[in-house]
Amino acid sequence: LALNAQTYAPDEIIIEYDETATNADRQAVRTLYGITNPISLGEDIELWTGLIFPLSITENGSTTVVNDIEELLEYIIEIQEGNDDQTTTTANINDGNLNYTAALDVSELLNDNGTFDPLPLCNNTHNARLIGLDQSDNLEQHRIKIIIVDQVVPGIAQVNLESAPSDLGGGHGRKVYSVISNILDQAGLTEVEYISLPAFDNSGIGTSAALVETATFIKEKLESGEWSSDDVIIVNFSANVIMPFDLSNPDQMPILLESWTELYQERIELTKNVVLVSAAGNDQMIISGNNIFPACASFELEITVAGTQNCFSEPWVNTNSDPVNFEIAAEASNLLTFDGNNYLLSSGTSFAAAEITAALAQLAAHNLNSESRNSLEYVKNLFLQTMPTYPALAGTVQNGRVLDISGPFNKPLPNGRRLVSQYSTPPLTLLPCLFFAPAHP
């Protein structure tokens, strides 16, 4: 009955039941493997944790002893005549140990209201790429929810997942939040709700179990009506999950991808009010034969972000590159961040993704005049199709597209707040990831 099994940590395994399995069937499977505390990750999916080896399994009068999680996987896969390629998956935030304490006079960087220029080593023109029209006098701002899937972010609302890491901590999530919130504060956005969804532990390691549960959490919020279809929801995913699978092969679709695909097909493609902003990742994370999630999932309402350096002028030396599937690049080098204790100059596609999240929020906050234009599908396409393109980035992202928030704001109505556009916005066609080598300057 357990048709699909994968492991993401030494003592954990994810099980997916056949949808026809009764409660008695499921309990029989748990009893067979000695499972007493399964954690539900959504319909038909469970996380088994705290497994103790060696484990004796008696089935049809025959006893098999398995000594570790790999042997257990092989046993389950053999019984189910499955695919023995589905073994391990790791998840990591895109930190890259690329941070250093800012050798800058922070007092000179802070504005009177406590905000700061995100790119202190670039000039005002480059910083203006991140901050559009001042919306502080816009009384019709659209409500925005920004969900930060990362390490824990203290001080904002937090989702407590059943499968969340026990040792929450780390500064990466706080730094990502500081980039987003600092930009939106300067842009005068007031209708923003931040939600921390900690799926990575203090060392930056996470399990796909938490990400499966993340998809379930979002889906349940939408289906219950607790999150209104009028809300704009941006999921910032400044992390990667390394997958040893062919994401284009349905027979190898991992449970994680399946759960997110169901979320999109059953809910998001109907409401079109949730967009996923994912980091392209850093080149040391690409291993031959692997793929990365969610950057290569090619969801309709997803934007994958690569990195630039030297003030948007060239590819960041460590960015992953894919000119077919990655949609846009943003500055990934030397962003000023705050981890809760110190100001740091931080680099990584994590922070490039945070810039795109903030830019999308600014555009989505506007009342776009018509019902169709309030959908994030319209906002996403308007956003991407008004960005400049640089030949130097042609090998990194589609058309060499790079962030400049002034693009979507160049056609305001007389009141200066509602946007119209003369650009066509057909849906974008995305292809499977090809993984080109980083385009070094």
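This is a short tour of selected side-chain features in a predicted model, moving from the aromatic pairs to a disulfide and then to a single threonine.

**Aromatic pairs**

Start with the aromatic rings, for which the count comes to four pairs. Select F217 and W227, whose rings form an edge-to-face pair with 5.6 Å from centre to centre and 85° between the planes. If you colour by secondary structure, F217 appears in helix α6, which spans residues 208-224, while W227 sits in the loop between α6 and β13 (232-237), so this pair ties together parts that are 10 residues apart in sequence. Because residues under 20% relative accessible area count as buried, F217 at 16% falls in that class, and W227 at 6% is buried too.

Next select F338 and Y343, another aromatic pair, with 4.8 Å between the ring centres and an angle of 40° between the planes, an arrangement classed as tilted. F338 is buried, at 18% relative accessibility. Add F116 to the selection, and you have the three members of one aromatic cluster, F116, F338 and Y343.

**A charge over a ring**

Now turn to F312 and display R129 with it: R129 lies over the face of the F312 ring, at 4.6 Å from the ring centre.

**The disulfide**

Select C311 together with C122, which form a disulfide with their sulfur atoms 2.1 Å apart; a search of the whole structure finds one such link. The torsion about the S-S bond is -100°, and the link of C122 and C311 is therefore left-handed. Following the backbone away from each cysteine shows that the pair links distant parts of the chain, 189 residues apart, with C122 in the loop between α3 (106-109) and α4 (124-127) and C311 in the loop between β17 (302-309) and β18 (314-315). Both ends can be checked for exposure: C122 is buried with a relative accessible area of 14%, and C311 is likewise counted as buried, at 18%.

**A threonine in strand β17**

Finish on T308, which has its place in strand β17. T308 is buried, with a relative accessible area of 0%. Which residue's side chain is joined to that of T308 by a polar contact of 2.7 Å? The partner is E331. To see the wider surroundings, expand the selection around T308 and leave out residues up to four places away in sequence; the residues that T308 touches then include E314, P315 and W316, the run from A329 through A330, E331 and A332 to S333, and also L393 and V402.

Key: Residues are numbered from 1 along each chain as its sequence is written. This is a predicted model: local features need pLDDT of at least 70, side-chain atom pairs count only at pLDDT 80 or more; totals for chains, interfaces and linings use all residues. Side-chain values use heavy atoms; hydrogens and water are left out. Rings of Phe, Tyr and Trp (its six-membered ring) pair if their centres lie within 6.5 Å; planes under 30 degrees apart count as stacked, over 60 as edge-to-face and the rest as tilted. Helices (H or I, at least four residues) and strands (E, at least two) are DSSP runs, numbered from the N terminus. Buried means under 20% relative accessible area, exposed over 50%, partly exposed in between (1.4 Å probe, protein chains only). A charge sits over a ring if NZ of Lys or CZ of Arg is within 6 Å of the ring centre and within 35 degrees of the ring normal. A disulfide is a pair of cysteine sulfur atoms within 2.5 Å. A polar contact is a pair of N or O atoms within 3.5 Å; within protein, one must be able to donate a hydrogen and the other to accept it, and residues adjacent in sequence count only if both atoms are side-chain atoms. Contact means heavy atoms within 4.5 Å.
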